[in-house]
Amino acid sequence: EACLNGFNGSIYVYGQTGAGKTYTMQGPISTSSVVAMTSDDRRGLMCRVIDMTFGDIARRRVESERIGDGASYLCRCSYLEIYRESVTDLLDPSQNNLQIREDIKRGVYVDHLTEQTVWSATDAFHVLRKGLHARHIAATQMNDHSSRSHAVFTLTIESKETRDGVTSTRTARLHLVDLAGSERQDAMAPAGSADTRVKEAGAINK
């Protein structure tokens, strides 16, 4: 609700590998279909927040029509991951090693990051599902499907309304952040996988 009123917001999950961070954010792997994202009782926080946001937008549109203030809403989604200190666009994985920049008007942003316009919760679920399937995961001592990257799903909400002939525009961003967890590495693990996990853990802990 605060984001629809023009305030930025962030929700983070963090902790040790296997603590349930990604499960909390996206739910079990079996709920990664768009249908499950819409209705499964086990769906994660990301799906619930998206559903709630678009439900609130629908209610506000009805109220806007009643009072005649001409309110409109435009939503865009982006999804990135930070893997071993490299930023990748999960909606276009070929775009990797993206640069983080800062601008007086835009603030901090990721250059060339895909932002996809969505008109409904279902549209947003399709974007979310596409990004989830592009994330880096691997088996660790604590978790067979451990997220090995930090991931940030951002919902940008732009609202406009006209009162007394004056049009005002508000833009807010809601960031849903799944931080990768780390764990002690097993010196007896196979050399190849151990080297990769050690490098991942080093990047995660920075």
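**View 1. Val177 sits in strand S10, residues 166-178.** This is a predicted model, in which local features need pLDDT of at least 70 and side-chain atom pairs count only at pLDDT 80 or more, while totals for chains, interfaces and linings use all residues. Residues are numbered from 1 along each chain as its sequence is written, and side-chain values use heavy atoms, with hydrogens and water left out. Strands here are DSSP runs of E with at least two residues, helices are runs of H or I with at least four, and both are numbered from the N terminus. With a relative accessible area of 5%, Val177 is buried (buried is under 20% relative accessible area, exposed is over 50%, partly exposed is in between, with a 1.4 Å probe and protein chains only). Tyr12 is 165 residues away along the chain, yet its C-alpha atom and that of Val177 are separated by 4.7 Å. Leaving out residues up to four places away in sequence, Val177 touches Ile11, Tyr12, Val13, Met25, Ala151 and Val152 (a contact means heavy atoms within 4.5 Å).

**View 2. Met46 belongs to helix H3.** Its relative accessibility is 3%, so Met46 counts as buried. Setting aside neighbours within four places in sequence, Met46 is in contact with Met25, Gln26, Tyr79, Leu128, Phe153 and Leu176. Take Leu176: the two residues are 130 apart in sequence, but Met46 and Leu176 are 6.9 Å apart in space, C-alpha to C-alpha. Pull back to the helix, and the buried residues of H3 include Cys47, Ile50, Phe54 and Ile57. The end C-alpha atoms of H3 are 33 Å apart, which agrees with the 33 Å that its 23 residues should span at 1.5 Å a residue (the expected span is 1.5 Å times one less than the number of residues). Right after H3 comes Gly68, with a positive phi near 70°.

**View 3. Helix H4, residues 121-132, and what covers it.** Its 12 residues reach 16 Å from first C-alpha to last, close to the 16 Å expected at 1.5 Å a residue. The buried residues of H4 are Ala121, Ala124, Phe125, Val127, Leu128, Gly131 and Leu132. They cover an arc of only 160° around the axis, so they are on the same side of H4 (the arc is that of the directions from the helix axis to the C-beta atoms). An α-helix has 3.6 residues a turn, so residues three or four places apart point the same way. Cover for the buried residues of H4 includes helices H1 (21-26), H2 (34-39) and H3 (45-67), along with strands S2 (72-83), S6 and S9 (150-163).

**View 4. Ser159 is found in strand S9.** Ser159 is buried, at a relative accessible area of 5%. Residues up to four places away in sequence aside, Ser159 touches Leu4, Ser72, Tyr73, Ser168, Thr169 and Arg170.

**View 5. Two loop residues, Glu85 and His112, have positive phi without being glycine.** Glu85 lies in the loop between S2 and strand S3 (86-89), and its phi is near 70°. At a relative accessible area of 49%, Glu85 is partly exposed. His112 is in the loop between strand S5 (107-110) and S6, with a phi of about 65°. With 61% relative accessibility, His112 counts as exposed.

**View 6. Cysteines, and no disulfides to show.** A search of the whole structure turns up 0 disulfides (a disulfide is a pair of cysteine sulfur atoms within 2.5 Å). Cys3 is buried at 13% relative accessibility. Cys77 is in no disulfide, and the nearest cysteine sulfur, that of Cys75, is 7.4 Å away. At 0% relative accessibility, Cys77 also counts as buried.

**View 7. The whole chain, with its confidence.** The protein chain has 5 helices and 10 strands, and 43% of its 206 residues count as buried. Of its contacts with a separation of 6 or more, 61% are between residues 24 or more positions apart. Average pLDDT, the predictor's confidence in each residue from 0 to 100, is 81 for the chain, and 80% of the residues score at least 70. Among the elements, strand S6 (residues 116-118) has the highest mean pLDDT, 97, and helix H5 (residues 191-204) the lowest, 50. Over residues 138-146 the pLDDT is below 50, although this stretch has 28 contacts in the model beyond near neighbours in sequence. Where pLDDT is low, the predicted coordinates should not be read in detail.
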